[in-house]
Amino acid sequence: MAAQLGPHELLHVFSFLEARDLLLAAQVNKVWNEVSMTKELWRQLCLRRWASCGAFPVVLGTQTWRQYYFCRSELEFRVESGRPRDFISKAISGHAGKIDQLAYVSPHEYRFDEMARSVVCTVSSDCTVRAWDLHQGTEIWSSPVQPAPLVSLVAYPLLQLVVTVDTQGLIIGWKADTGSEWASFCLPTSCSSMEACGHPEGPFLMVACADGNLYTLTVPQLQVVSKVATFPRTSVSLTCSPDQQWVSVLAQGSDVGPKVFFTQPLLHPLEDELPVSTTLPVRLSSRACWAPDEASRLMVMHRDDSGVHLVITTFSLKANKSRDRVSILAQQLASFPLPGTVTPHLMQGHGSQVILLASRSELVLFTIQGLQLVAFRDHQRPITSMWVDPNRVVTSSLDLSLRVYVWDKKKTCPVLRSCYQLLGGSHRWASGFTHVKSDSMSIAGIEARSNGTSILRSYCFKVQLS
């Protein structure tokens, strides 16, 4: 029968095979070998395995689909195993002060050709913003010294733009490839929170002032589109929803619940109309995060009516549009009290149902209904930051280590597996990691030094690039 099958029939049969079976079929004879190399077969294999994962896009570059499949499979194996030979660690210094934040400015994509690169920007108390090539361990550029220390930044990788803000409220947009200044805008007071948003109509920047006002700025021009009052004379934190249609504004410890704004009226304000927003019916809120796989599902940590016990309540938001107005419907989906032993200082969501909490040195996972999935006690000292994406979780700690966890996607319910730790420098010189972020091929952490300065420490996974 095999001898009677032509190339077209073989191609149809081979379309049902996995990669290992295709490699075996390629060894049968010359015809089978040629058919097994067909571009469309390997393209479908790649898209079936990765296109729906939502973490980073498939970018073929100069490779064939077959080469891409094997490179990405190798990378996933190395990321999960974490053997010393699987990655290169570099300590990168250059800032003269404390590094306050970092952000990846290279596109978040899986790419395995000569264009593959991991680039981050950092801001520091030394009044500069700098860009670094993590694979080379070198500085790409440094800005001129600014009038005040820089405290935060956000990045727009597709625009190759990074936006910084200093202690006095001066916002500057920088070209990520050259370090030249693009635009600037000065707030009337200091900035309490800044969020990059990629709306379908185009990217924009949300900035909250210490006086409680919320600014919406165009990107990259940094021109004011709208200004609305949120919590008067109160510092707030901002988070944009996954679909960029909503922004939550939380005043920590306020007796009033978080406010949620519909972003469309903020981008196109009308002179006689107030912004469209709603206040969630909770009090003494302390944290909020969005469920990444849902367009408008917000989880809020707050106190119960007695003001004693911590509770996490999940809301679903919907904009009801009529001819002349828009109203917001906030529906409570679930609510549960946290155990008294769990006192979270960090909170993030995964998928549509899972909440990750950092409580001192412990990482705890709950469903939105309150079922505790797992608790990890891998760190010896408090967790300082947490990176969560569809593939993995990375935590940083004052014990001078990063811990890598991987999601087991073979299970119907999300299962997080603890894999390994990445160590920083010597405890003699360093006081711990303060921040961590990751892209497809690297992990970057800020390592605080005992003398008050910081360095950048990178861990780049090895993959044979073609």
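**Figure 1. Arg130 and Asp126 pair up in a salt bridge.** In this predicted model, the closest N and O atoms of Arg130 and Asp126 sit 3.6 Å apart. Are the two partners buried or exposed? Arg130 has a relative accessible area of 13%, so it falls in the buried class. Asp126 comes out at 15% relative accessibility and is therefore counted as buried too. The cut-off behind both calls is 20%: anything under that value is buried.

**Figure 2. Arg83 and Asp86 form a salt bridge inside a network.** Here the closest N and O atoms are 2.8 Å apart. Which residues make up the network? Glu74, Arg78, Arg83 and Asp86 are the ones linked by salt bridges. Zoom in on the Arg83–Asp86 pair and you get two accessibility classes: Asp86 is at 0% relative accessibility, so it counts as buried, whereas Arg83, at 26%, counts as partly exposed.

**Figure 3. Arg417 reaches Glu80 from a distant part of the chain.** The side chains of these two meet in a salt bridge, with 3.1 Å from N to O. Where do the partners come from? Arg417 belongs to strand β29 (residues 415-423), while Glu80 is in helix α5 (residues 65-81), which puts the two 337 residues apart in the chain. How accessible are the partners? Arg417 has a relative accessible area of 36%, so it is partly exposed. Glu80 has 34% and is therefore partly exposed as well. If you'd like to browse further pairs, the structure holds 16 salt bridges.

**Figure 4. One cavity turns up, with helix α4 giving the largest share of its lining.** How many cavities of 30 Å³ or more does a search of the whole structure find? The answer is one. As for volume, the largest cavity holds about 40 Å³ of space. Rolling a probe the size of a water molecule over the atoms is what shows where empty space is left.

**Figure 5. A closer look at the residues around the largest cavity.** Which residues line this space? Phe14, Ser15, Leu17, Leu41, Gln44, Leu45 and Arg48 do the job. Helix α4 (residues 39-51) supplies four residues of that lining. Sorted by class, the wall has four nonpolar residues, two polar ones and one charged one. Among the nonpolar residues here are Phe14 and Leu17, and Arg48 is on the charged side of the tally.

Methods
Residues numbered from 1 in each chain as written. Predicted model: local features only at pLDDT ≥ 70, side-chain atom pairs only at ≥ 80, totals over all residues. Heavy atoms only, no water. 1 Å grid on protein atoms, 1.4 Å probe; cavity = no way out; pocket = protein on both sides within 12 Å on 5 of 7 lines; lining within 4 Å. Points joined across faces, edges and corners; volume = space filled by probe spheres on them. Salt bridge = Lys/Arg side-chain N within 4 Å of Asp/Glu carboxyl O. Buried < 20%, exposed > 50% of the residue type's maximum accessible area, 1.4 Å probe, protein only.
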